[in-house]
Amino acid sequence: SMPPIEQNIIIPAIFRDSFASTKEFQIWYGGRGAGKSWTKAIQLLLKLMSPGYARVIFARDTQKNARLSQFQLIKDILVRFNWASLFHINDALMKITYLPNGNFMMGGSFEQPDNLRSAAEPTDFWAEEPLNRRSEIDRGSFLDIRGSLRNSFGKPTVFHFTFNPITKSSWIYKDFFIDKLYDAELLFTTYKDNQFCPPDLANFLESLKTIDERRYKVDCLGEWGVSFAGLIYPHWELTEELFQPIAYGVDFGYVDPTAIVAIGVKDTEESYKKTLIVRELLYKTNLTSRDIVDRIKQLNLLRNVPMYCDSARPEIIEQIRQAGYQARPVPKGIGSIKAGIDAVLKYNLRIHRQSPNLLREIESYAWDSYKDGELLEQPVQGLDHAMDAMRYAVMGIQKKVITVGI
């Protein structure tokens, strides 16, 4: 039987009208924190739970990212609304079936359009972040997918896009917003339309106004950006892998956040590079030196694992040492930032999915440039606290490895 759906579902009001849209393309775009993905997942789950035939494909740039974002989000919603008993979840296939009528949704990726095309008779296709700072679905793959998604019930497949408008140099901007080649429902939202946006995210988005004007316009105001040239770490993947930390990195702040990360290193199959896994442990402003020591204890950081710290604050390093931890400074100097970045780039980079601030930073951590656009050998200053902590940890273990080799 159908659950009493309306009574326990809360979504930002701005999305309600577009729930009823019958257009072939439904594009929700704008700033971060607007609740686009959360609301889209609910909309498509309700479609499965309605009378009538519904099959949904959801996809992202890679299979892994679809699993760690959309698939996880959908499972979280089933738990949140007490719907889990009404669905069967097949983790291996990323398939979620509504038991009363057999309607289902299934995950895939843009990198394997053939798999998407072979999906059985879909009614809906949801592309999460078809456009992001590192990649976009290419027009050819999209047209292939669009041309092949059919169902024998004669229902036109509805295409749903949810994304932040990162750059105008995209075919999505040209085809949908400039040339208007398709009949599309375009809904623009920012965090201000979402009464459920967490206060710390809202504060972070507003703080970009003083930290990074370019990012403020895109992430907070939701304006179309210009291409983020010169990303320092364009190639990384999400992971939820547990690992044994071999070092911690610490960047001290007060007005700026104090950031602590853990890193692990492992061999990678089919690659000469080892894999570096990084997880955010702490990212908080207004911490005194005593607060920082207390937080380190609360986090149960391992006392036998070295902790490589920002050398600008020797008095805090000393307090952490007195508390029984292996805190040591990482020397700074001309060229040290570039050397640290080069050290990180020697690895295949994996970021643990429970690292929200680290992920925010790495997505826009870019080389600074002169007015003429020529890139400098130093990053844009501002949103780089977790990036610095990661760099200190890697420089620390590299140094150790070199010493052992002598």
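This passage looks at a mixed sheet and a helix in a predicted model.

The sheet comes first. It is open and has 8 strands, running in the order S3-S4-S5-S2-S6-S7-S1-S8, and its pairing is mixed. At the edges stand strand S3 (87-90) and strand S8 (184-189); each has a single partner strand, so one side of each goes without a neighbour in the sheet. On average, neighbouring strands here are turned by 15 degrees against each other, if direction is ignored.

Within this sheet, strand S2 (residues 55-60) pairs with strand S5 (residues 104-109) in the parallel sense, over 6 bridges. Phe58 sits opposite Gly107 in S5. Helix H5 (residues 139-148) packs on the sheet as well, where it touches strand S1 (25-30), strand S6 (124-128) and strand S7 (158-163). The direction of H5 makes about 150 degrees with that of S7.

Then there is helix H9, which spans residues 289-298 and has Ile292, Val293 and Ile296 as its buried residues. Looking down the axis of H9, these buried residues fall within an arc of 100 degrees, so they line one face of the helix. That fits the usual geometry: an α-helix has 3.6 residues a turn, so residues three or four places apart point the same way. Arg290 and Gln298, by contrast, are exposed and lie on the face of H9 turned away from its buried side. The cover over the buried residues of H9 includes strand S11 (258-266), strand S13 (307-310) and helix H10 (314-322). Just after H9, Asn300 adopts a positive phi of about 55 degrees.

Key:
Residues numbered from 1 in each chain as written. Predicted model: local features only at pLDDT ≥ 70, side-chain atom pairs only at ≥ 80, totals over all residues. Heavy atoms only, no water. Buried < 20%, exposed > 50% of the residue type's maximum accessible area, 1.4 Å probe, protein only. Helix = DSSP H or I, 4+ residues; strand = E, 2+ residues; numbered from the N terminus. Arc of directions from axis to C-beta. Contact = heavy atoms within 4.5 Å. Pairing = 2+ DSSP bridges. Axes fitted to C-alpha atoms, helices over the stretch in contact; angles between N-to-C directions.
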